[in-house]
Amino acid sequence: VYGSGSRGYSQTMGSIDQDTLKKLSFRVWSFKMGEVVALMIHLGDRLGLYEALAGGGRNHAAEIATTTNLDERMVHEWLLGQAAAELIERHEDGSFEMSREAALVLASEGELPFACGAFYGGETPEGTDAIVDAFKSGAGFTYGDMGDRSADQLDRMNAAWLERYLPETVLPSLSGLIEKLEDGADVADIGCGGAIAISSLARRFPNSRFVGFDPSEPAIRAGRRRVGDLQNVELHIASGEDLREPQM
């Protein structure tokens with residue numbers, strides 16, 4: 001049952017302001033449009049379509065299909081949708097073009113404006129059912145329950161900020177912190193995710209020791225792959241509530 005208590009309401013409620021009704025309906029359906037566009041953004045990233053467009057200049061669907069080894073009709077429909085969403089431009093000759101700004105946001109992984117890591121294609125039916133159960137039980141739906149793909153996508157979304165902005169902008173703004181890390185410090189990252197931050201800092205500050213904790217097994221697996229043979233990093237599957245005794 002998706003809802004209850006609202007059937008027949010339209011027959012019993014008082015007078016309706018039609019302008020308010022139209023505005024609210026438009027807003028609600030705009031969110032649905034956003035849901036579909038979000039899926040198309042995920043596909044554009046996953047299938048290499050944005051990368052193909054980011055080469056510059058005008059491209060027709062056939063050219064993009066050839067570059068990506070995808071079906072031309074499907075590519076053309078995707079391009080039309082992207083143009084309708086005003087993410088790329090469609091020209092009168094039927095070609096499509098991506099601006100340099102759009103390329104930064106949609107096709108430049110590792111740059112701070114890159115956004116595609118946030119779009120992972122929506123929940124599976126099973127995932128949605130788990131969230132429904134969480135609403136009923138109040139037990140919550142853990143990050144680890146979302147699986148490897150969600151952990152990887154979150155890493156892609158955060159990588160530039162944690163690898164560049166954190167060490168280049170945030171840390172230097174904290175008086176004396178760089179010097180402490182250079183001399184050698186013990187650093188704990190509680191909720192380290194895929195260990196992007198501490199693996200990057202461990203390479204920059206080899207005299208310091210970094211310990212990461214996260215309850216998500218997929219995230220820690222990704223973190224251990226990222227850390228590789230770094231000797232000054234440890235990763236543990238644990239939540240903040242588990243850290244009752246000093247472990248450093």
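User: What does K32 count as at 40% relative accessibility?
Analyst: This is a predicted model, in which local features need pLDDT of at least 70, side-chain atom pairs count only at pLDDT 80 or more, and totals for chains, interfaces and linings use all residues. Residues are numbered from 1 along each chain as its sequence is written, and side-chain values use heavy atoms, with hydrogens and water left out. Buried means under 20% relative accessible area, exposed over 50%, and partly exposed in between (1.4 Å probe, protein chains only). The 40% of K32 therefore makes the residue partly exposed.

User: Which residue meets the side chain of K32 in a salt bridge?
Analyst: A salt bridge here is a side-chain nitrogen of Lys or Arg within 4 Å of a carboxyl oxygen of Asp or Glu. The partner of K32 lies three residues away, about one turn, in helix α2 (residues 18–46); helices are DSSP runs of H or I with at least four residues, strands are runs of E with at least two, and both are numbered from the N terminus. An α-helix has 3.6 residues a turn, so residues three or four places apart point the same way. At 3.0 Å, N to O, the partner is E35.

User: Which residues are linked with R156 in a network of salt bridges?
Analyst: One salt bridge of R156, in helix α8, reaches helix α2, 111 residues apart, at 2.6 Å from N to O. Another goes to the loop between α6 (100–107) and α7 (125–137), 47 residues apart, with the closest N and O atoms at 2.9 Å. R156 is itself buried, with a relative accessible area of 19%. The residues linked with R156 are D45 and E109.

User: How many residues of helix α10 are buried?
Analyst: Helix α10 covers residues 196–204. Its buried residues are I196, A197, I198, S199, S200, L201 and A202. The helix is therefore largely enclosed by the rest of the structure, the count of buried residues being seven of the nine.

User: In what sense do β4 and β5 pair?
Analyst: Two strands pair if DSSP finds at least two bridges between them; β4 (residues 186–190) and β5 have five. V187 stands opposite F210 in β5. Strands of a sheet pair through backbone hydrogen bonds, either parallel or antiparallel. For β4 and β5 the sense is parallel.

User: Which helix makes a right-handed β-α-β unit with β5 and β6?
Analyst: β5 and β6 (residues 233–237) pair in the parallel sense over five bridges, with D214 and I237 as bridge partners. A crossover is right-handed if, with the strands pointing away from the viewer, the path from the first strand over the helix to the second runs clockwise. The helix in this unit spans residues 217–227 and is α11.

User: Which strands stand at the edges of the open sheet of three strands?
Analyst: The order is β1-β3-β2, with antiparallel pairing. The edge strands each have a single partner strand, so one side of each is left without a neighbour in the sheet. These strands are β1 (58–59) and β2 (89–90).

User: What is the area of the nonpolar surface patch that includes W161?
Analyst: Patches are made of residues with over 30% relative accessible area and no salt bridge; like charges are joined within 9 Å, nonpolar side chains (Val, Leu, Ile, Met, Phe, Trp, Tyr) within 5 Å. W161, in helix α8 (residues 147–170), has a relative accessible area of 39%. Accessible areas come from the Shrake-Rupley method with a 1.4 Å probe; for residues, only the protein chains shown count as cover. With Y165, V170 and L174, W161 makes a patch of about 340 Å².
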